[in-house]
Amino acid sequence: MTILTKIRQERSSKMVELLEDDYGVRTWEPRLNSLEELVFTVLSQNTSDINTYRSYDKLTEVFASWDDVMNANEDDVELAIRVGGLSKIKAPRIQAILKEIFHRNGKLDIESLRLLPVLDSLKWLLSLPGVGRKTASCVLLFSFHMAAFPVDTHVFRVSKRLELFDEGISADKAHEILESLIPSDKYYQTHMDLIEHGRRVCFARNPICGECKLSTICPSSSA
């Protein structure tokens, strides 16, 4: 083990502890079933939380079932999710995902993934059209409580400022690094803590370092 790796392990351990002390212990509860979570996360790509919920709610209001979404005219799906942004990309992507799932499983259901080892489930999801590491990890963590650690923009920003990985590391690679640094039984807790911290304190611009509980371990802190 290199000195830098040891430093990052110690820093990440302290980060987990400090964030949990600050935001409290969280109890995992499934947000949506696995197929719903998959579509929801695709809709969340490059948009705000509020627009994600708006587009998801509109999609499920317009279409009575995922079979209806899969078989609908692409323009109708695009119109339903337009409020979320990038609808011309997301509409065909969602339909392609649904069609591929139906082709593989004979039905629109991916609950059987919970029975597989996490790496096999991850690989299966990543082989779907347009599904990346964050989207796949969200399904595994939020629907199945499996050992996957999603890296969204907030998680990436805070972790980068803590220098838990090298400059220039991609978000995809950051998934692997953070999974190696954070105990798997803390994935849900720490993922949610980092998101909340990114929204409340560690802003992309003008982070409030003076109020940050991580300032004592953060190399980027101006506090």
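Select Leu98 first: leaving aside residues up to four places away in sequence, Leu98 touches Leu35, Val39, Trp66, Val69, Met70 and Leu108, where contact means heavy atoms within 4.5 Å. The model is predicted, with local features requiring pLDDT of at least 70 and side-chain atom pairs pLDDT 80 or more, while totals for chains, interfaces and linings use all residues. Residues are numbered from 1 along each chain as its sequence is written, and side-chain values use heavy atoms, without hydrogens and water.

Next, add Leu59, Trp66, Ile101 and Leu125 to the selection. Together with Leu98, these residues touch the most other members of the largest nonpolar core, which has 36 residues. Such a core is a set of buried Ala, Val, Leu, Ile, Met, Phe, Trp, Tyr and Cys residues joined through side-chain atoms within 4.5 Å; buried means under 20% relative accessible area, with a 1.4 Å probe and protein chains only.

Now display the helices (DSSP runs of H or I, at least four residues, numbered from the N terminus). At least two residues of this core come from each of α2 (34–44), α3 (49–62), α4 (66–71), α5 (74–80), α6 (87–105), α7 (118–126) and α8 (133–144). The largest contribution, six residues, is from α2.

Move on to a second, separate core of 31 residues, which includes Phe142, Leu164, Ile182 and Leu194.

Finally, select the cysteines. The whole structure contains zero disulfides, a disulfide being a pair of cysteine sulfur atoms within 2.5 Å. Cys138 is buried at 7% relative accessibility, and its sulfur lies 19 Å from the closest cysteine sulfur, in Cys202, too far for a bond. Cys202 is buried at 8%; its closest cysteine sulfur, in Cys212, is 6.2 Å away, also too far for a bond.

Notes. Buried < 20%, exposed > 50% of the residue type's maximum accessible area, 1.4 Å probe, protein only.
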